[in-house]
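Work through the exercises below with the structure open beside you. Try each task before you read its solution.

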Amino acid sequence: MTLLGWIAVGLAGGAAAGARYLLDAEISRLSDSPFPIGILVVNALGALLLGLVAGSTLHGQALVIVAGGVIGSFTTFSTWILDTHLLATADLARLAWLNIAISIVLGLAAVTLGHTITS
């Protein structure tokens with residue numbers, strides 16, 4: 001990776017993290033449920049995008065910038081886990097387990113779909 005590549009990772013990653021926050025906040029605002037639908041949508045979209053990139057001809061520094069910098073910063077494992085923990089501690093264990101199950105199944109389906117489209 002060149003210095004310019006690392007700068008691109010940082011800038012693109014920062015923009016993607018900001019986009020994640022805004023998308024999650026807007027979806028959550030529109031939802032009238034304790035279920036963390038915003039993060040679910042963000043992570044499913046990120047999985048789809050990563051599948052598309054994985055099946056594409058992108059490689060080298062460009063792949064690192066897009067997959068690691070942009071998509072890696074857009075999606076969030078830690079927020080998903082925190083949201084699940086908060087559901088469980090709020091006596092919403094069924095929603096917590098539902099969040100785990102839906103996130104895993106939807107994420108795998110999304111990355112598979114994206115990879116299939118571009119392969």
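**Exercise 1: The overall fold**

The protein has five helices and zero strands. Helices (H or I, at least four residues) and strands (E, at least two) are DSSP runs, numbered from the N terminus. The model is predicted: local features need pLDDT of at least 70, side-chain atom pairs count only at pLDDT 80 or more, and totals for chains, interfaces and linings use all residues. Residues are numbered from 1 along each chain as its sequence is written, and side-chain values use heavy atoms, with hydrogens and water left out.

Task: describe the pattern, the span and the surface of the protein.

Solution.
1. Read along the sequence. The pattern is α-α-α-α-α.
2. Take the C-alpha trace. Along its principal axes it spans about 50 × 30 × 20 Å.
3. Turn to the surface. The accessible surface comes to about 7000 Å², and carbon and sulfur atoms hold 74% of it. Accessible areas come from the Shrake-Rupley method with a 1.4 Å probe; for residues, only the protein chains shown count as cover.
4. Look inside. Of the 119 residues, 29% are buried. Buried means under 20% relative accessible area, exposed over 50%, partly exposed in between (1.4 Å probe, protein chains only).
5. Check the contacts (heavy atoms within 4.5 Å). Among those between residues at least 6 apart in sequence, 71% join residues at least 24 apart.

**Exercise 2: Helix H1**

Task: find the salt bridge that Glu26 forms, and say which residue is its partner.

Solution.
1. Recall the principle. Side chains of opposite charge can pair when their charged atoms come close.
2. Apply the cut-off. A salt bridge is a side-chain nitrogen of Lys or Arg within 4 Å of a carboxyl oxygen of Asp or Glu.
3. Search. The structure holds one salt bridge. Glu26 pairs with Arg29, with the closest N and O atoms 2.6 Å apart.
4. Place the pair. Both residues lie in helix H1, three residues apart, about one turn of the helix.
5. Compare exposure. Glu26 is partly exposed at 35% relative accessible area. Arg29 is exposed at 56%.

**Exercise 3: An aromatic pair**

Task: how are the rings of Phe77 and Trp80 arranged?

Solution.
1. Use the rule. Rings of Phe, Tyr and Trp (its six-membered ring) pair if their centres lie within 6.5 Å; planes under 30 degrees apart count as stacked, over 60 as edge-to-face and the rest as tilted.
2. Count. The structure holds one aromatic pair.
3. Classify. The ring centres of Phe77 and Trp80 are 5.5 Å apart and the planes stand at 65 degrees, so the pair is edge-to-face.
4. Locate. Both residues sit in helix H4 (residues 77-89), three residues apart.
5. Check the cover. Phe77 is exposed, with a relative accessible area of 58%. Trp80 is buried, at 13%.

**Exercise 4: Leu40 and helix H5**

Task: is Leu40 buried or exposed, and which residues does it touch?

Solution.
1. Find Leu40. It is in helix H2 (residues 37-55).
2. Read its accessibility. At 9%, Leu40 counts as buried.
3. List its contacts. Leu40 touches Phe35, Ile102, Ser103 and Leu106, not counting residues up to four places away in sequence.
4. Move to helix H5 (residues 93-118). Its buried residues include Ser103 and Gly107.
5. Ask what covers the buried residues of H5. The cover includes H2 and H4.
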